[in-house]
Structure formats: C-alpha cells, structure tokens
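Trainee: Got a minute to go through a model with me? I'd like to ask about it piece by piece.

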Amino acid sequence: MEDLMIIDNAYAECFTNCKESEVSANIERAKEYYERDKKCYESHLVEYPDNAEYWQGQLDKVKKVLESGFRAVTWEEYKKLQREKWLSKEPKEITQEEYDYALNVLPPKKWHNNERYSMFFIGECTTMSFFGQYLYNKATGKYYYAMADILDESTWLDKMLNL
C-alpha cells in the first residue's frame, strides 16, 4: 500500500507521510501542531512588539492553514500541486541589483551566456527540482526572475520570454 502525504489546503505544504489507516490521526496531529504555532505567534506579538509585523505575518499564515484544513494525497498528486504552485507565475521584471545579488550569493547553476541573454539558476532549490532562475535580456537591457524546473527546459525563462 502506498504512503500518503498529509498536506495543508492553503499552501500545499507537506506535514507528514503516513499509511492510509493513519490519515485521520495525522490530520489531527497537524491541527494540534499548527494550533501550538498560532498560540506561539500570538504570544510573540505581545512579547516582541518591535517585530510585530513579522509575527503578524506568521500568525496570518498559520490561521490560513488552520482555516483551509488538511488532506491526504499521493506522491503524484503532491508533485502536481507543487508544480502548479511554483511554476504557474509569470516572469517578474527585477532590477540589476537583484540579479547581481542572486548571481553572487551562491554559485550559479546552469549558467548560459550567449549573444541574446545571460541566464542562470540560483544555487539552491526551493523544492524538488524547482529553482529560482534569473535572466538578463541583452537586447532590451531588462532583468527577469521566475521559478523554473531545472530538469524541464520548457519552463525556463528563455522559453517563457521567447528568446
């Protein structure tokens, strides 16, 4: 029997893996875990007012997870949800400073430099094979960022921007 993954419905993040017979118990565990986080962030809002904006953001995320609930999915369903989540956004125009920072923060992966563009992946994945990718369009002088699957060239920025 295949293991299932307990994910939240808000962000499709995995809480744990379990057998089908353990789904209900693990959904309850997830609720309890996030309820503890909620209480912690509520406490931090009072105890650390200088960082209230940060703690409120964390609290809002946890509340959204609790309101959306949890469900069990297969690995294949999870991969599909993650792909939709991370790779569905349009490329974003960024500044040269943002591009340079990404280029220098970690060694780049799959750096391509030709007459039309310079393009690379940041050296650390977000999840699975999804990495932040950066591109400088030499013809327009514009810089771009998007998430892409390093193993699937059809998702790369040069393809998204038709370069």
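Trainee: Let's start with helix H3: which of its residues are buried?
Mentor: Bear in mind that this is a predicted model. H3 runs over residues 75–87, and being buried takes a relative accessible area under 20%. In H3, the ones listed as buried are Tyr78, Gln82 and Leu87.

Trainee: Within what arc do those buried residues of H3 fall, seen down the helix axis?
Mentor: In general, an α-helix has 3.6 residues a turn, so residues three or four places apart point the same way. The buried residues of H3 line one face of the helix, because their directions, viewed down the axis, fall within an arc of 125°.

Trainee: And which exposed residues sit on the face turned away from that buried side?
Mentor: Look first at what covers the buried residues of H3: E1, strand E2 (14–18), strand E3 (70–73), E6, E7 and strand E8 (142–149) are included. The face turned away from the buried side of H3 carries the exposed residues Glu76 and Lys80.

Trainee: How far does H3 reach from its first C-alpha to its last?
Mentor: H3 has 13 residues, and at 1.5 Å a residue the expected span is 18 Å. The reach in the model is close to that, at 18 Å.

Trainee: On to the largest nonpolar core. Which element gives the most residues to it?
Mentor: This core has 13 residues, and Ile6, Val23, Ile27, Tyr34, Tyr41 and Phe70 touch the most other members. Two or more residues come from each of strand E1 (4–8), helix H1 (23–47) and helix H2 (52–68). With 5 residues, the element that gives the most is H1.

Trainee: Which residues is Phe70 in contact with, beyond its sequence neighbours?
Mentor: Phe70 is one of the core members that touch the most others. Set aside everything within four places in sequence, and the contacts of Phe70 are Ile6, Ile7, Asp8, Asn9, Ile27, Ala30, Lys31, Tyr34 and Val65.

Trainee: How many residues does the other core have?
Mentor: That other core lies apart from the largest one. Among its members are Phe131, Ala148, Trp156 and Leu157. Its count of residues is 11.

Trainee: What about Asn26: buried or exposed?
Mentor: Asn26 sits in helix H1. Leaving out residues up to four places away, Asn26 touches Ile6, Phe15, Thr16 and Cys18, and its side chain makes a polar contact of 2.3 Å with that of Arg29. Its relative accessible area is 8%, so Asn26 is buried.

Trainee: Cys18 turned up there. How far away is the nearest cysteine sulfur?
Mentor: At 3% relative accessibility, Cys18 counts as buried. A search of the whole structure finds 0 disulfides, and a pair of sulfurs would have to be within 2.5 Å to make one. For Cys18 the nearest cysteine sulfur belongs to Cys14, and the distance is 9.1 Å.

Trainee: And which cysteine has the sulfur closest to that of Cys125?
Mentor: Cys125 is partly exposed, at 34% relative accessible area. The closest cysteine sulfur is 15 Å away, so a bond is ruled out as too far; that sulfur is in Cys14.

Trainee: Which side chain does that of Ser129 join in a polar contact?
Mentor: Ser129 is in the loop between strand E6 (117–127) and strand E7 (130–137), and at 14% relative accessibility Ser129 counts as buried. Beyond four places in sequence, Ser129 is in contact with Ala148, Asp149, Ile150 and Leu151. The polar contact, at 2.7 Å, is with the side chain of Asp149.

Trainee: What is the phi of Met128?
Mentor: Met128 is also placed in the loop between E6 and E7. Met128 counts as partly exposed, at 31% relative accessibility. Met128 is not a glycine, yet its phi is positive, about 45°.

Trainee: Last one: what is phi near in Asn162?
Mentor: Asn162 is in the segment after helix H5 (157–160). With a relative accessible area of 69%, Asn162 is exposed. This is another residue other than glycine with a positive phi, near 55°.

Conventions:
Residues numbered from 1 in each chain as written. Predicted model: local features only at pLDDT ≥ 70, side-chain atom pairs only at ≥ 80, totals over all residues. Heavy atoms only, no water. Core = buried A, V, L, I, M, F, W, Y, C linked by side-chain atoms within 4.5 Å. Buried < 20%, exposed > 50% of the residue type's maximum accessible area, 1.4 Å probe, protein only. Helix = DSSP H or I, 4+ residues; strand = E, 2+ residues; numbered from the N terminus. Contact = heavy atoms within 4.5 Å. Polar contact = N/O pair within 3.5 Å; in protein donor to acceptor, adjacent residues only side chain to side chain. Expected span 1.5 Å × (residues − 1). Arc of directions from axis to C-beta.
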